[in-house]
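Subject: Structure handover

Hello,

Here is the structure I promised to pass on. Please open it alongside this note; what I found follows below.

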Amino acid sequence: MNEKNLKPDVPQEELERRELDQIVAKVKAAQEIYADYSQEQVDAIFRAAALAANNARIPLAQMAVAESGMGVVEDKVIKNHFASESIYNKYRNYRTCGVIEEDEAFGIVKVAEPLGVIAGIVPTTNPTSTAIFKSLIVLKTRNGIIFSPHPRAKKSTIEAARIVLEAAVKAGAPENIIGWIDNPTVSMSQHLMSHPDISLILATGGPGMVKAAYSSGTPAVGVGAGNTPVIMDETCDIQMAVSSVLQSKTFDNGMICASEQSVTVVESIYDAVKKEFVERGAVILNAKEAKTLGDVIQIDGKLNGKIVGQSADKIAEMAGLKVPEHTKVLIAETKGVGLDHPFSREKLSPVLALYKVKDYKEALENAEALLNYGGLGHTSVLYTDPTNKERIAEFGRRMNTARTLINMPSSQGAIGDVFNFKLDPSLTLGCGSWGGNSVSQNVAPKHLLNIKTIAKRRENMLWFRVPEKVYFKYGCLREALRDLKEDGRKRAFVVTDRFLDESGMLQGAIDTLEELGMKTEVFSDVAPDPTLDCARRGVERMNQFHPDTIVAIGGGSPMDAAKIMWLMYEHPDIHFEDIAMRFMDIRKRVFRFPKLGTKATLVAIPTTSGTGSEVTPFAVITDEKTGVKYPLADYELTPDMAIIDTQLVMNMPKKLTAHSGIDALAHALEARVSILASEFTNGMAREAARLLFKYLPAAYENGLKDEKAREKVHHASTIAGMAFANAFLGVCHSMAHKLGAAFHMPHGLANALLITEVIRFNATRKPTKQGTFSQYKCPEAVERYANLADFLQLGGKTEEEKVEKLIAAVEALKDRLAIPKTIREAGVPEKEFLAQLDELSEMAFDDQCTGANPRYPLITEIKEMYLRAYYGK
């Protein structure tokens, strides 16, 4: 029996696929070994391979032209030289192995790893230089590569790959690190591209092959079609522009995909440009000749492949045209863009379209049309006076090309490192999404690496920011204000409310300012919950008075109003929607507050003990037209000076004392457990809480009779303000903001009704969600509350007992201050409360304060806290 009949017939295509599978397996095995090489080993191999390719540049160029029948030997020598020497020179010191970047301060380590096995698609237009280029960047990145050559140039591509491989192996690379398909076909290329062991396709070739690469299911880096438009404006150097175009268009007979395909010239220099082209060796065809050549360039709507890479003389001969011997480029004057205008397409030969336009505006429009017809994402060129910065910028903006070149030949310019050393050298030019590519840069080693980022947990830079000057003690106002004279201040605008103005409480401050020689003006139209209208009226007065000092005297409302007036006075074009935008990290907010203090300094003098606004970066303003409250937070709003004079708070009413005192306590409690709390804020939060627990009852009960208690509470309010100005607050304030706004409840009272529910909510070791901040490593609210209880000497054996002692102490304090036990007792109707409950909960969740809470709340959890605070359950 015949031996051939012993085996089942296997189709030739299947045998070739099996052979390719074996090649892939060999290259993969080699690459897995190569992946463990050091940078020193890789660099030695990279150098040896580059030298070998460079030494073979002439025979490889001769082989490529002889086999493909396209191009110019001398130019292909230059391309081979570029692909070896320029690539090596650019990337010889480029790190591609192991740790390539390390920042110990930020805890970042970047590690380069190879992709694996690369499929290299090589075009017939550049069969050796592209093979050299891809081999070298693959070797530099510890990858392996398998080439799929173009059938019309397979021998020269394989020879280039073989030369690089032998040099690499001799320098220490694993055998089989580079492979190739001996008899390439479309089917074999597709099998290679879709092979499961191929990590990436590096595709250089025609649109069909690139599209197949992107459709293979394997990650791909490819190129797009070129149709480079050139504009020459009336300011250009005509000799340089024309010579550059001819230098580029004749290079390798125009086969570089970035080469010029059309030149658009403004009419004022059109004749001079035509004359220059002719004097430099180009031929400008007449209309009949252009029509004849157009029929040769494009057949059945497609580029005639027979003209690609041929000389101008040969193309003219193909069209039956007689031109002078050694004609450099054939130029056809044309109008229009599209299928009916064959010169407007990519031609990959020394053939150019020449357009005449009225002005630069029309030139831009024509260039855009040419790119839209074919060539989006690739390359565009403008010749203009280098000082025409606006024109250059407009060209860059209008041209949707990854390479927008100014005053340089596009073939040599686009490949990089020749006319601009900062443009990466490459023979694979990405065209971005405009050209259907994943890369919009010149492909480089960085595109063949996986970069691991090892990020160590780091506590980011923290801060402690308060007014530059803080003066305190009973009667300090007059002396503290004298500080303004030392700063050369001359005009003081006083912001306050009508009660303080009419009660005479301002007189001491006004007298002192006038004694210092300062002119003063009083604005006393601030009401509770100040509005934008109020702020605008204040700013109008400021613009007439031109103050260099703003003095805010009062409770939270005058200080909030003064901060907003300060902002609007210095930056009248500010938009409140922008500055009120919520942020996760005040250092990274989308909107950056403008600098304050260039026109005026802000002095804050509180007449209540609770808000802490005199030392904080916070303010709230209401849009009276929409009812929207804008809570603003930025350290630019922090006053420059705070004066804490107990004399101004001695006559505070009992209820205001109670509500503002508990507000200050809530500041201290929330700042202590905030995820942003630090060693700088913890001591202040603890001391403020201690002072309030000890002296607030006496200040409430004895009022004017107990100066010491008043002073301690007043100081505690400011100390708590400093704590929460830097640690921020939590969900108690989020809920209080919305509850108070909905039912016109004093802010301090709202906090008092919610604070113990929030303590219970936060005091868990297994929260549903933990607050997120780099320094907050695990749920610590229980420990922090217990630490505060210890500081207050409340007793308790376990941390849980201490938390309960703290809650009991807060409730006892509230009882002494005659604060209602529940929201219902405070007079909020049940029906109205329940009707708004869902909206309140959602709005509280989105409040700026929520993000710093140690237990990040769900909306349903906020709703449950509201209900417990309402019913007392």
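Two residues are in contact when heavy atoms of theirs lie within 4.5 Å. Take the contacts in the chain between residues at least 6 apart in sequence: 76% of them join residues at least 24 apart. Keep in mind that this is a predicted model.

Overall build first. The chain has 31 helices and 25 strands. Its radius of gyration is 39 Å, well over the 29 Å that the globule rule gives for 873 residues, so the chain is more spread out than a compact globule. The C-alpha trace spans about 115 × 80 × 50 Å along its principal axes.

Next, burial and surface. Of the 873 residues, 56% are buried. The accessible surface comes to about 37,100 Å². Carbon and sulfur atoms account for 51% of that surface.

Charges: the chain carries 104 positive and 111 negative ones. Their mean positions are 2 Å apart.

One residue in a helix: Ala25 sits in helix α1, which covers residues 12-34. Is Ala25 buried or exposed? Neither: its relative accessibility is 43%, so Ala25 counts as partly exposed. Ala25 and Asp197 are 172 residues apart in sequence, yet their C-alpha atoms are 8.0 Å apart in space.

Now the aromatic rings. The structure holds 15 aromatic pairs. One of them joins Phe618 and Phe728 edge-to-face, with 5.7 Å centre to centre and 70° between the planes. This pair links distant parts of the chain, 110 residues apart. Phe618 is in strand β23 (residues 618-622). Phe728 is in the loop between α25 (707-727) and α26 (731-743). Phe618 has a relative accessible area of 21% and is partly exposed. Phe728 has 12%, under the 20% cut-off, so Phe728 is buried.

A second pair to look at is Phe743 with Phe833. This pair is tilted: 6.4 Å centre to centre, 35° between the planes. Phe743 lies in helix α26 and Phe833 in helix α30 (residues 830-845), so the pair ties together parts that are 90 residues apart in sequence. Both Phe743 and Phe833 are buried.

Last item: which residues do ring pairs link into a cluster with Phe618 and Phe728? They are Trp463, Tyr635 and Phe724.

Best wishes

Terms used
Residues are numbered from 1 along each chain as its sequence is written. This is a predicted model: local features need pLDDT of at least 70, side-chain atom pairs count only at pLDDT 80 or more; totals for chains, interfaces and linings use all residues. Side-chain values use heavy atoms; hydrogens and water are left out. Helices (H or I, at least four residues) and strands (E, at least two) are DSSP runs, numbered from the N terminus. The radius of gyration is taken over C-alpha atoms; the globule rule is 2.2 Å times the number of residues to the power 0.38. Buried means under 20% relative accessible area, exposed over 50%, partly exposed in between (1.4 Å probe, protein chains only). Accessible areas come from the Shrake-Rupley method with a 1.4 Å probe; for residues, only the protein chains shown count as cover. Lys and Arg count as positive and Asp and Glu as negative; His and the chain ends are not counted. The place of a charge is taken as NZ of Lys, CZ of Arg, CG of Asp or CD of Glu. Rings of Phe, Tyr and Trp (its six-membered ring) pair if their centres lie within 6.5 Å; planes under 30 degrees apart count as stacked, over 60 as edge-to-face and the rest as tilted.
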